[in-house]
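Biologist: Can you walk me through this one? I'd like to start with the overall picture and then poke at a few residues.

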Amino acid sequence: MKPSTPARLASLVSDCAAAGVNRQALLLRMDRLPPGLSRPHHRRLAESALAPLMRAPRSEMFHLPGPRLAVVWRGDAEAALLDVVDALEHLLADATVAAPSLRELVFLYDLPENGDLLMLALEDTPVHETLVGPKPVPPLDPASLLMLESALAQADIARFARREAVWRFGPDAPSLAWERRTLSLSELTAELVPDRDLAGDPWLFRRLTRTLDRRLLALLASPGELVKAGPFALDLNVVSVLGPEFLKLDAALPTLLRGRIVLAMHPADVVADASAFAFARGFARARDYRLMLRDATPQLLAVLSAASLDLDYLSLPWSPDLPTEAAHIFDTCPTESLVLECGADPAALQWGRGAGLQLFTGAAADRATDRTTLGERAAAA
């Protein structure tokens, strides 16, 4: 459904005041985000994060100047609000730059009591708001990148290491398929380069990710790190798969994990150098690794042939439009090869399971797994 206009929101606030009709509203101040988090891609993710509220009675979404997003609904929507908060926290946790807290970005209003305050959000540039907004964060430059790479070479990288579960849902209880091993860019940025937007310069950020690949691979290959490890996935650049750090990890890999490690590649690597990608794919396959394409949106798969990529998995980012755009993906890709990135939206998990998907990641899948586990314990008792 197409978001409503600012004029429609103004009319709704006025109608609530005139008729004494109660509504609730949430305002998301994306204009307070730094440049590295305010691109169209981030706005689409933010809109997806608000999707749980769109299932509340009489709900409407509004695009406001700034940019800002607002949702107005009727009645109690506490569970949906918790899902929205989880989703937004998840987005901020994955940010590559320091970001404001949710307290500075999300505001709740009761209508008609707070209608006047909400109406202020319709102004393009309120003076009192621009005074408190965050200052623009400059992108990485060559000098700051060199400084960061030097700091990373000596930093204890283990404290930035994070894990994210990928769950397999089937006829029985959900099970852990693998864990995605990553480094927290938001925490790394806050500690080492708080005054820089890591993704502001795409070329320098790409170089930085190669440095981060090397550090993560070295961490995993360190003595004892994989002794009790289960299956896991790594987001890697193609050149990282062909580097010496990967060979050290390969040599340190326990026999029980052979054939159970997933290497996730970015679409840019496929497009930028198809021959290097094909070589890395064959190199990894010869060592019995599974391969996955990250960020496999329907738009991307309309251009790239999934069959010709010859990969084991495709990672699909959830959006409210995915159910209507995914038909051609199902025509060419077996559902067991698709990993749905649900975020915190339970609608993503519900749709994916109904469509026959088995692999899910994100807060919504985590919560469903927790509930399933609790339910099994109660039944057993």
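Modeller: Here is a short run through the strands, the cores and the aromatic rings.

Modeller: Before that, this is a predicted model, where local features need pLDDT of at least 70, side-chain atom pairs count only at pLDDT 80 or more, and totals for chains, interfaces and linings use all residues. Residues are numbered from 1 along each chain as its sequence is written, and side-chain values use heavy atoms, with hydrogens and water left out.

Biologist: Fine. How many strands are in the closed barrel, and in what order do they run?

Modeller: Eight, in the order 5-6-7-8-9-10-11-12, with mixed pairing. Strands here are DSSP E runs of at least two residues, helices are H or I runs of at least four, and both are numbered from the N terminus. Two strands pair if DSSP finds at least two bridges between them.

Biologist: And what does the twist average from one strand to the next?

Modeller: It averages 30°, using axes fitted to C-alpha atoms and angles from 0 to 180 degrees between N-to-C directions.

Biologist: Which sense do strand 5 and strand 6 pair in, parallel or antiparallel?

Modeller: Antiparallel, over eight bridges, with strand 5 covering residues 161-168. The two form a hairpin with six residues between them, and Arg163 stands opposite Arg181 in strand 6.

Biologist: What joins strand 5 to strand 12?

Modeller: Three bridges, and those strands run antiparallel too; strand 12 is residues 359-361. Arg168 stands opposite Leu359 there. For a parallel case, take strand 10 (residues 313-317) and strand 11 (residues 338-341), which pair over four bridges. Pro317 has Glu341 in strand 11 as its bridge partner.

Biologist: Back to strand 6. Is Thr182 buried or exposed?

Modeller: Thr182 counts as buried because its relative accessibility is 17%; the cut-offs are under 20% relative accessible area for buried, over 50% for exposed and partly exposed in between, with a 1.4 Å probe and protein chains only. Thr182 lies in strand 6, residues 175-183. Leaving out residues up to four places away in sequence, Thr182 touches Phe160, Ala161, Arg162, Leu216 and Asp235, where contact means heavy atoms within 4.5 Å.

Biologist: New topic: how many residues are in the largest nonpolar core?

Modeller: 68, and Val241, Leu263, Leu293 and Leu340 have the most contacts inside it. Helix 9 (residues 202-220) gives the largest share, seven residues. A core here is a set of buried Ala, Val, Leu, Ile, Met, Phe, Trp, Tyr and Cys residues joined through side-chain atoms within 4.5 Å.

Biologist: What about the second core?

Modeller: That one is separate, with 25 residues, including Ala77 and Leu105.

Biologist: Last thing, rings. How many aromatic pairs are there?

Modeller: Six. Phe246 and Tyr289 make a tilted one, at 5.1 Å centre to centre and 50° between the planes. Rings of Phe, Tyr and Trp (its six-membered ring) pair if their centres lie within 6.5 Å; planes under 30 degrees apart are stacked, over 60 edge-to-face and the rest tilted.

Biologist: Which parts does that pair tie together?

Modeller: Phe246 is in helix 11 (residues 244-252) and Tyr289 in the loop between helix 13 (274-286) and strand 9 (290-293), so the pair links parts 43 residues apart in sequence. Phe246 counts as buried at 0% relative accessibility, and Tyr289 is buried with 1% relative accessible area. Phe283 joins Phe246 and Tyr289 in one aromatic cluster.

Biologist: What sits over the ring of Phe283?

Modeller: The charged end of Arg287, 4.0 Å from the ring centre. To count, NZ of Lys or CZ of Arg must be within 6 Å of the ring centre and within 35 degrees of the ring normal.
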